[in-house]
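The following exercises concern confidence, domains, chain contacts and nonpolar cores. Each task is followed by a worked solution.

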Amino acid sequence: MKNLKKILVLMLALVMMISVVTACGGDKKDEKEEKETKEEVKKEEKTEKETEKETKKETEKETKKETEKETEKEVEVKETAADGGKMTGQINVYTRDAASGTREGFESVVGFKDQLTDNANEVSSNGDMATKVGDDVQGIGYVSLTTDFAANNLQPANYEGVEPSVETVIDGSYLLSRPFCYTTRAAGDYESDELEQLVKAFIVFLTESTEGKEAVLSAGGIVDVEDSKSWDELKADHPIVDQDNSGLTITTGGSTSVEKSLKAALEAFQPLAGNFDMVVNQTGSGDGWKRTLGGDKDGPNASDIGFASRKFKDEEPTKDAISADKYCDDAIVVVVEKNNPVKNFTKQNLFDIFTGAAANWEDIAK
Amino acid sequence: MNRIRIIKDRIAEGFTWLSSGISALVLIAIFVFIFKRGWSTLNWDLLKNNYNSENLMAGYDHIDWDEHGAFTAPDTLPEDAFFSEKYGVAFVDSINAAKESQMEVVFLDPESPLQDGKITTAGPRQGEKFGMEEGLFLKKISYINLEGEKKSAGLTATQGKTSEELVSVLDNDSQEVVDFYAQTEGGGLKGSIITTLLLIGLTLIIALPIGVFAAIYLHELAPKNKLTAWIRSSIELLSGVPSVIFGLMGMTMLFQVTRLMGITGQSTMLGALTLAVILLPVIIRQTEEALINVPDGYRMASLSMGATQFQTIYKIIIPNAMPGILSATLLSISRIIGESAALIFTMGTAIMDNPAWNSRGTSLAVHIWTVMSGEQPNFELASAISIVILIIVLILNVSVKYITYRMTRDKDDQKKNNKKAKATAET
């Protein structure tokens, strides 16, 4: 008798769990017909999503109200799908956290600093943005060009009619891009003279050599490889690379966005420059200048080269640095969910959406 | 008992079942989620490999290329491999755990000229014989094309980004190979696992004695007055401070301490010191709880036998409070493994392969942070690392539990032996 009750209550708990899951983990991608046939599969998917949410809950502090909201959205989505291609309903704006270089780049290109709509949902990383917008048919956000659009169920949108690609960024027709910048420490402010020379050599490798540019390009950075010289020519000015440098360590800091392209360049440079060591200690664009020329330059996290996925600000003067410039570009791509029929945005569209002037998809469809 | 009472009790009872059922289900769901996402990524190589691959470059400027004829592909070649007849080498494309494309050398003909390279990188190994090897991951190959120009192909070049393309370029457009750039397999967790264990060890060595003795003072020795109560409540308050604050404090204040030890930058030691401060409230609180559970009769009996206060503490109270202290250790271990915010400031985010107490490193939690913070967060790898963390926590928990069990059992055995000895003496 008692066991029976226990089982009953456990069943009840299970039912409650499943109902919570269906309430907030709605799968918007599937069509109605699929729903019937794939009910079993979907249930699994939903539980997965739910668990994902459960784990994220701590950081996102999702309230129950939001869950309810989402169910409402789901209803709307079904209506729009029936509508046949035209996009209606509320726009869900997604934006990156305030420390993000992508956000700064996006806001400065579109030109709406401090006017961001209060309804914007803040997400913590590029991947977070990709996942969230990919799950929300009403959503709009922005990611970097290196993002895997298909895997995240995203549709990259054109900006002012120009398709985002490596070519359009290099030829300057795609305007929604941000520079990846670097700055070195001041001359004479290195652990050793040799390290200073090695850093100089690396900067030349990164910005001028074919090998360096190809490495950056292969890791998603956008550079014009045609406009470069071979390292064999350039290295004549940098005799430091012809000695054993295994005792030297180049430490980098700053933006996490640059990590891939930076690491690719450093790795390609390592066997060309006497096997130096590298410490890629990226934490965020704000730390790039601070740890090379700013207040933290003698602290525990001092670095030799600092990076920012934006231009250095006026309060981050780089005139003391041996060298400070852009080494590649990264295109920011406006993304919407895959089934969203809107494929192009103008600067004005984006301004309206992100400042809240256009709250519904109808407002920009004209 | 009236009917309403019974119903009320049943409802209350049912509610407890419901709650435990929900928590159990949520836990199971998390396990299923992590294992489903991460299990396929997890393998032995991931655990034992270095994170940073070795970057190798070898040149062929001393080779007479005309000597070598064409090669034929062996029958054992995997189906997705592409074989270069001109150089006798085969490549396979793959995607690694970090979701980057790779080009692995899967076959090299024993006669292939590519194996007779020499290291071109300046340093002690320069000129050493080193050539293309099976198991290397090719990044780039430079060659002289039919027009006599130097060109390059491979993953970090503009052409030859797939094995098929690379092989066709090599076979159809090249006269001879100038040099190649390849990597050993990387992306492993070895360094982070060692750092995590090192960090746990260092932190416990620093935090446990301080925490335990502070608790002993507060509970056994301190006068029961307002000051003691105030100290106690401040310690409890300390446990509510976010760990980022501790990280900032460690970076500015504790860094001066590690500087005295001769460390110039972020280090595992700095991380351990910071974590020790974070853990103090937990350890003090837990130890005090354990001390409270030691019956007062033990103290009285010991003191009345003529033992001093410190003899009582060392010989009676601490041994009896040991299970509680060990559970404090367990809690601390979980906290150390889970901490990331404070460690980003104090230990950095650069993943190192040869961690030491005085160098940078990342614990597994910070490794997850690094994996997830880039432009392309990698859920699969993060889940795989989570599984590793779960396994480490499990092993540590079981071993601490085992130690506790042994200690209490030894004591029981002793008691039994004493009884037996007594009994035999009596008879």
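Domain bounds, as used below, come from an automatic or database domain assignment. The structure is a predicted model.

**Exercise 1.** State how chain B is divided into domains and how far apart their C-alpha centres lie.

*Solution.* Begin with the bounds: domain 1 of chain B covers 57–183, and domain 2 covers 190–421. Next, take the C-alpha centres of these two domains of chain B, which lie 51 Å apart. Finally, consider confidence: chain B averages a pLDDT of 88, and 98% of the residues score at least 70.

**Exercise 2.** Describe the side of chain B that touches chain A.

*Solution.* Two residues count as in contact if their C-beta atoms, placed from the backbone, lie within 7 Å. On this basis, 39 residues of chain B are in contact with 50 residues of chain A. On chain B, the elements giving two or more residues to this side are α1 (3–38), β1 (55–59), α6 (243–260) and α11 (364–373). The largest share, eleven residues, is supplied by α1(B). Sorted by class, this side of chain B comprises 22 nonpolar, 14 polar and three charged residues. For the complex, the predictor reports an ipTM of 0.82 and a pTM of 0.77.

**Exercise 3.** Locate the largest nonpolar core relative to the two domains of chain B.

*Solution.* The largest nonpolar core has 117 residues, of which A:L198 and B:F91 touch the most other members. Strand β10 (residues 324–337) of chain A contributes the most to this core, namely nine residues. Domain 1 (57–183) and domain 2 (190–421) of chain B both give residues to this core, so it lies between them. A second, separate core of 52 residues includes B:L343, B:I344, B:M347 and B:I368.

Conventions: Residues numbered from 1 in each chain as written. Chains lettered and ligands numbered in written order. Predicted model: local features only at pLDDT ≥ 70, side-chain atom pairs only at ≥ 80, totals over all residues. Helix = DSSP H or I, 4+ residues; strand = E, 2+ residues; numbered from the N terminus. Nonpolar A, V, L, I, M, F, W, Y, C, P; charged D, E, K, R; others polar. pLDDT = per-residue confidence, 0-100. Core = buried A, V, L, I, M, F, W, Y, C linked by C-beta atoms within 7 Å. Buried ≥ 20, exposed ≤ 12 C-beta atoms within 10 Å, placed from the backbone.
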